[in-house]
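Q: Can you walk me through this one? I'd like to start with the cavities and then get to the sheet.
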Amino acid sequence: MHGKNRLARHVRAHAAVLTWAAVSLMAAHSAQADTITVSAAASLTDAFKEIAQLYETQHPQDQVDLNFGASGTLYQQIDKGAPVDVFASADEATMDKAEAAGHVLEGTRQTFVKNTLVLIQPAGSAAALDSLQALQGEQVQRIAVGNPDSVPVGRYTKAALEAAGQWQSLLPKVIQTQNVRQSLDYVARGEVDAGFVYGSDAALMKDKVKVSFTVPVQTPVTYPIAVIQQGGHAEAAKRFIATVTSSQGQEILARYGFQPAVD
């Protein structure tokens, strides 16, 4: 009887040790797990969704929450204290603001892809738009342009039109959009006669829009990415950026129409 009691106590003690070990392992695993928030330009939506899946496969202890929008809007969120870990902008100027305001973790900023600015029309349009000057024609009544105050594609567009001496005269036709994907949707649905988007966006809807031509730009369309200090998950954020810049991440971006940052 005494032997059985001693055995029972031994079993209970052993079980307690195992339980404590399991709890400790779970706690350690939990301590290493991170949920990172990635704020990225709207044009990166499809590519970053796939890259986030790749990252979570590579780092199963982590989770990625994606937040897409106009780069300027995303910066305003960061500037107001949003807990963002990674910021990917569609232009260098917006990242410059984030860096100047002290939000960027030093040494983490890098340019990871570039893009093109294109003029698109609805796929069924018969209008021949082979230049920016052609937008002055009567066949063009509405042109989708991202808001230059907050949308990088809008700033690239305004600069190109100003360089061609067309901006002021075309303003009555301009329909401002909240981000590049809204411009794409307006053209795809035939709600406007033309629109300015990135080459990568146009490639997503080849059946609904056609590229009129690639617009010459004075400032290259490049995309920087960086760790944001206030997110609190710097190491996981660095791991995510490493995935974006890896050969696998770059292959995904290339499939969605982006070009390497360095030729």
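A: Sure. First, what counts here: a cavity is a set of grid points where a 1.4 Å probe fits but cannot get out, and lining residues have an atom within 4 Å of a point. Keep in mind that this is a predicted model.

Q: OK, which residues line the second largest cavity?
A: Ser 43, Asp 46, Ala 47, Arg 181, Ser 200, Asp 201, Leu 204, Tyr 256 and Phe 258. Two elements, α2 (45–58) and α8 (199–202), each give two or more residues to that lining.

Q: And what's its make-up by class?
A: The second largest cavity is lined by four nonpolar, two polar and three charged residues. Its volume is about 40 Å³.

Q: How many cavities of 30 Å³ or more are there?
A: Two. The largest holds about 60 Å³ of space. It has 13 lining residues, and Ala 42, Ala 90, Val 151, Pro 152 and Val 180 are the closest to its centre.

Q: How many charged residues are in that lining?
A: None; the largest cavity has nine nonpolar and four polar residues around it.

Q: Switching to the sheet: what's the strand order?
A: It goes β2-β1-β3-β10-β4-β11, an open sheet of six strands with mixed pairing. At the edges sit β2 (63–69) and β11 (259–260), each paired on one side only.

Q: How do β1 and β2 pair, parallel or antiparallel?
A: Parallel, over seven bridges, with β1 covering residues 35–41. Thr 37 stands opposite Asp 65 of β2.

Q: Which strands does α4 lie across?
A: Helix α4 (residues 92–100) lies across β3 (86–88), β4 (110–115) and β10 (221–227), and runs at about 25 degrees to β10.

Notes:
Residues are numbered from 1 along each chain as its sequence is written. This is a predicted model: local features need pLDDT of at least 70, side-chain atom pairs count only at pLDDT 80 or more; totals for chains, interfaces and linings use all residues. Side-chain values use heavy atoms; hydrogens and water are left out. Two strands pair if DSSP finds at least two bridges between them. Helices (H or I, at least four residues) and strands (E, at least two) are DSSP runs, numbered from the N terminus. Contact means heavy atoms within 4.5 Å. Axes are lines fitted to C-alpha atoms, for helices over the stretch in contact, and angles run from 0 to 180 degrees between N-to-C directions. On a 1 Å grid over the protein atoms alone, a cavity is a set of points where a 1.4 Å probe fits but cannot get out, and a pocket is an open set with protein on both sides within 12 Å along at least five of seven lines; lining residues have an atom within 4 Å of a point. Grid points are joined across faces, edges and corners, and a volume is the space filled by probe spheres set on the points. Ala, Val, Leu, Ile, Met, Phe, Trp, Tyr, Cys and Pro count as nonpolar, Asp, Glu, Lys and Arg as charged, and the others, Gly among them, as polar.
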